[in-house]
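Reader: I would like to learn how to read the packing of helices, strands and a bound molecule in a model such as this one. Could you take me through the features one at a time?

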Amino acid sequence: MSVETVMITGASSGIGLELARCFAADGSRLVLVARKGNVLEALAAELRKTHKIQTQVFTADLAHPESPARLLAHLQSAGLKVDVLVNNAGFGAQGKFAELPLGRQLEMLQVNITSLTHLTGLLLPGMIERRRGGILNVASTAAFQPGPGMAVYYATKAYVLSFSEALAEELTGTGVTVTAVCPGPTTTNFGTAANMHTLGLVKKVSMSAEAVACQGHRAFRSGKAVVINGFRNAFPAFLVRLLPRAAVRKIARRLNNVG
Ligand SMILES: NC(=O)c1ccc[n+]([C@@H]2O[C@H](COP(=O)([O-])OP(=O)(O)OC[C@H]3O[C@@H](n4cnc5c(N)ncnc54)[C@H](OP(=O)(O)O)[C@@H]3O)[C@@H](O)[C@H]2O)c1
């Protein structure tokens, strides 16, 4: 069988970068995508040297609606067929919806939802035809409840989880799998990008990007539809199913620390 090609969005930092390391250790050929091309080039060089794999870098801003189609054209011109798509690129913004810049929130929908869906729609038919590969979507524990103080971000992750689970079911028996990884607080650049004022408690339970990526990668390899990273995150995700929604909203508001 030919070497597996894995495309990872948001590979320049945090969870995406660590996922790139996991797939590189499998010997997969990598296509690394993000805006910071120089960071991707450095990572690609490191992984080529350490794992003797082939790597490609594609610099793209996934907030631009035309980026997924450009990416597909790039793959086709390089003769690459993607076996595994890792939709990891994403960002949040902390603050009350009405007080945050609307443009930034619409960009969030584009990156976290529309580009993820667009890339999936472009690459999934080929996987099904070849009866090989799959999709690993990075959702969040934010997917399990509404998030006052990060309203759009939580809603985007609810979409990612719902979309992933539905696809996983639709694809039963096709040889193609879909996994949604749901990290809780993770030490990456996410908090800075989201301008977060995180509570001490949340910081204390943060996991490393490496641990989150390893668990996500393992879950994907075993064909699991959903994985919540760590018991400290899995338990609250279970608890929200039992609590009244009004209580869940209030707890989320307190944790998001926006008054
Ligand atoms: N950290 C957490 O606590 C946490 C918890 C749950 C879920 N997550 C999810 O994990 C995923 C990865 O985030 P992270 O925590 O690893 O944060 P991060 O360190 O900030 O990494 C985000 C990645 O997304 C890329 N990205 C952001 N905007 C982009 C755009 N417009 N176009 C292309 N790439 C873009 C960034 O690359 P460039 O800047 O180079 O473009 C970077 O590689 C996200 O989907 C996030 O929602 C994070």
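Author: What follows is a walk through a predicted model, from the sheet to the helices and then to the ligand.

Reader: Let us begin with the sheet: in what order do the 7 strands lie, and is the pairing parallel or antiparallel?

Author: Reading a sheet starts with the order of its strands and the sense of their pairing. Here the 7 strands run in the order β3-β2-β1-β4-β5-β6-β9, forming an open sheet in which the pairing is parallel. The edges are taken by β3 (55–59) and β9 (226–228), and because each of these has a single partner strand, one side of each is left without a neighbour in the sheet. From one strand to the next the twist averages 15°.

Reader: Over how many bridges do β4 and β5 pair, and which residue is the bridge partner of V86?

Author: Strand β4 (residues 84–87) pairs with strand β5 (residues 134–138) in the parallel sense over 4 bridges, and L136 in β5 is the bridge partner of V86. Against this sheet packs helix α5 (residues 151–170), which touches β5, β6 (177–182) and β9, and whose direction makes about 155° with that of β6.

Reader: How should I describe two helices that pack on each other, and at what angle do α4 and α5 cross?

Author: Two packed helices are described by the angle between their axes and by the distance between those axes. For α4 and α5 the axes come within 10 Å and cross at roughly 10°, and angles under 35 degrees count as roughly parallel, which means that α4 is roughly parallel to α5. On the α4 side the contact is made by Q105, M108, L109, N112, I113, L116 and T117, and on the α5 side by V152, Y153, T156, Y159, V160 and F163. Sorted by class, this contact of α4 with α5 has 9 nonpolar, 4 polar and no charged residues.

Reader: Which residues make the contact of α3 with α4, and how do those helices cross?

Author: Helix α3 (residues 67–77) and helix α4 (residues 102–130) have axes that come within 9 Å and cross at roughly 35°, and the crossing is right-handed. From α3 the contact draws on S67, P68 and L72, while α4 supplies S115, H118, L119 and L122. The classes in the contact of α3 with α4 are 4 nonpolar, 3 polar and no charged residues.

Reader: And why is α1 called oblique to α8?

Author: The axes of helix α1 (residues 14–25) and helix α8 (residues 209–221) come within 8 Å and cross at roughly 55°, and that angle makes α1 oblique to α8. The crossing of α1 past α8 is right-handed. In α1, the residues G14, I15, E18, L19, C22 and F23 meet A209, E210, V212, A213, C214, G216 and H217 in α8, and the residues of this contact divide into 8 nonpolar, 3 polar and 2 charged.

Reader: Finally, how many residues surround the ligand, and which are the closest?

Author: A ligand site can be read by residue, by element and by class. There are 29 residues around the ligand, the closest being G10, G14, R35, K36 and G90. The elements giving two or more residues to this shell are α1 and α6 (190–193), and α1 gives the most, with 3 residues. By class, the shell around the ligand has 15 nonpolar, 11 polar and 3 charged residues.

Conventions
Residues are numbered from 1 along each chain as its sequence is written. This is a predicted model: local features need pLDDT of at least 70, side-chain atom pairs count only at pLDDT 80 or more; totals for chains, interfaces and linings use all residues. Axes are lines fitted to C-alpha atoms, for helices over the stretch in contact, and angles run from 0 to 180 degrees between N-to-C directions. Angles under 35 degrees count as roughly parallel, over 145 as roughly antiparallel, 65 to 115 as roughly perpendicular and the rest as oblique. A crossing is left-handed if the near helix is turned anticlockwise from the far one by less than a right angle, and right-handed if clockwise. Two residues are in contact if their C-beta atoms, placed from the backbone, lie within 7 Å. Ala, Val, Leu, Ile, Met, Phe, Trp, Tyr, Cys and Pro count as nonpolar, Asp, Glu, Lys and Arg as charged, and the others, Gly among them, as polar. Two strands pair if DSSP finds at least two bridges between them. A residue is near a molecule or strand if its C-beta atom, placed from the backbone, lies within 6 Å of it.
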